[in-house]
Amino acid sequence: MKKIIKYLLLFILAFSFLLPFLIMLLGSLKEIEYALLDPFFWIPEDPSLGNYLYIFRDGVFMRWIFNSVVITVIPVFSQMFLCAILGYIFAKKQFPGRETIFWVFMAVIMIPQQLLIIPKYIMFAQFEWINTYWALIVPELWGIMGVFLVRQFLQGIPNDFEEAAYIDGANDVQIFFKIILPLSLPVVATVGTFSFISNWNDLFQPLIFMTQEKMYPVTVGLASLLGKEGNFGIEMAGSTLSFIPTFLIFLFFQRYFTEGIQMSGLK
Amino acid sequence: MTLKKNNPNINKKKNKLPFKERFRKNAIVYLFLFPILIHFAIFQVFPFLFSFVLTFMDWKIIGNHEWVGLKHWMHFFQDKLAWKALWNTFMFSVYYIVPTMALGLILALIINSGVRFAGFFKGIFFLPVVTSFVIIAGLWGWLFRGTESGLINWIIGFFGIEPQLFLSDSSQALIVLAGLSILKVAGSTMIYYFAGLQSIPKELYEAAKIDGASKSKIFWKITFPLLKPIHFYVAIITTIGSFQIFDSAYLLTGGGPNYATTTIVFYLYQQGFTNLNLSYAAVLSYALFFIILIVSLIQRKYIGKDTAIY
């Protein structure tokens, strides 16, 4: 009996975490244009894909999704590649200033991005990067956190493979691609998933760097729809569409998220 | 750590190698580190310094820039709205930090208690962490509609509570925003606590059971104190996170009603990008930076050794 109550409470808790997502999904299937007087207005009597069709025909929404894809996919792959190389350099290579450079990197992590956004705005205005993808791609090509994660990971791996490869005459670019990169795939996946989430979900930076509607990523686009009465169904359909990539990544890479969170904080 | 001890010797040996040989072993450093350092200087170091210089100027998007000395800093100390924003941010932290930690700990205890489908539940609790603020805030706004048609108002109606205004009430809006952040972030504090719970040796629990300790006593005398480094770490990161809160205020309340949800980052955004007073926004961003710096320094002082960064 005690066990049943325990599981019942657990299911209620889990359900309340899932309820917003359920409202989103069901609400997206309901076409409503009138005022919402009922707390359960989001339950559709006859589900339809009308809201999705509207979005697909609308054009600008698909453009927002496309923009989000561009400013997410490029940084994700670039971060995975560059953070792997830099993590390797800082974990295994000897060169003057190594510790100092890494220390400066770690100190810079403490600077909130809200501080950098004002000077970046002025710089990007000079570069004519406002309302271009450059503003959201170029600064995100690598990240200190990713370097830190890969470095932590590689420091725990013995040098034997590498040294054997040197003796066989390999240069270190070959060693990186043939030995280090395959070894560090789990942590590289973590870097990729983190980068995906932070770029796909970012609102603050694109809000400032993208002022034309056609350059909005889907976060800023959805924000511009928010709060307009009567658009609930369309807003929910848009939310659902923008949530699908996140959900897929989450489904397949959940392990890397949670491991990454643990690694970034506690050793 | 043992590796580092050997480093000086390796270094000396390497410097005697011919250039070609050194290049073979270190090509990747030459090829990648320099471009990255230039990138780092342009997009991190320069903006950081430039932002400080900006605080002493009147920077206009178009037109000439003038040096104005401490004008913006003096204004900051007299700007009631800036202090209100700091106060709001502080109050947001008060509403947010402890509940986020407590909920994270409870969720971690649940999934660590040997329930079935623990991984499945862990996934559900973690889902809001990876979901964008825009999606969650959109839904939150509908749940907390300040009319009788809002779902939360409908639920509290069962308990005989009058419909509340929520986001349109200046005494409630900040709490509703904190609630949103609590549910969104609890999943990640859960992960930290879960890792902490798993690192507690099982023998301790067994010994306590043999001594006949009750479940709540075991929790308060063993589990809770042994999680101390994690409490501390989670407290620091949620504090830093709470000072940077922006998205929900922008999305749901626009800083209102009556500036009740104007947080420091929201105020910075408004000053910088609505009023185009970039220099004053830079002052506000430095105020934020100093607060975060102090919190981080406390972290270094007390748990720096545990995090093994340095």
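Which hand does the crossing of H4(B) and H5(B) have, left or right? In this predicted model, the crossing of these two helices turns out to be left-handed. The helices involved are H4 (residues 80-112) and H5 (residues 118-130) of chain B, whose axes come within 9 Å and cross at roughly 160 degrees. Angles over 145 degrees count as roughly antiparallel, so H4(B) is roughly antiparallel to H5(B). On the H4(B) side, the meeting point is made up of B:Leu107, B:Ile110 and B:Ile111, and these face B:Ala118, B:Phe121, B:Lys122 and B:Phe125 of H5(B). Sorted by class, that contact has 6 nonpolar residues, no polar ones and 1 charged.

A second pair in chain B is H8 (residues 173-198) with H11 (residues 228-243), packed at an angle of about 160 degrees with axes 10 Å apart. That angle makes H8(B) roughly antiparallel to H11(B). Here H8(B) passes H11(B) in a right-handed crossing. From H8(B), the contact draws on B:Val185, B:Thr189, B:Tyr192, B:Tyr193 and B:Gly196, while H11(B) brings in B:Ile230, B:Tyr233, B:Val234, B:Thr238 and B:Gly241. The class split for this contact is 6 nonpolar, 4 polar and no charged residues.

As for how the chains meet, 64 residues of chain A are in contact with 72 residues of chain B. Helix H13 (residues 232-265) of chain A gives the largest share of chain A's side, with 12 residues. By class, that side of chain A comes to 45 nonpolar, 13 polar and 6 charged residues.

Key
Residues are numbered from 1 along each chain as its sequence is written. Chains are lettered from A and ligands numbered from 1 in the order in which they are written. This is a predicted model: local features need pLDDT of at least 70, side-chain atom pairs count only at pLDDT 80 or more; totals for chains, interfaces and linings use all residues. Two residues are in contact if their C-beta atoms, placed from the backbone, lie within 7 Å. Helices (H or I, at least four residues) and strands (E, at least two) are DSSP runs, numbered from the N terminus. Ala, Val, Leu, Ile, Met, Phe, Trp, Tyr, Cys and Pro count as nonpolar, Asp, Glu, Lys and Arg as charged, and the others, Gly among them, as polar. Axes are lines fitted to C-alpha atoms, for helices over the stretch in contact, and angles run from 0 to 180 degrees between N-to-C directions. Angles under 35 degrees count as roughly parallel, over 145 as roughly antiparallel, 65 to 115 as roughly perpendicular and the rest as oblique. A crossing is left-handed if the near helix is turned anticlockwise from the far one by less than a right angle, and right-handed if clockwise.
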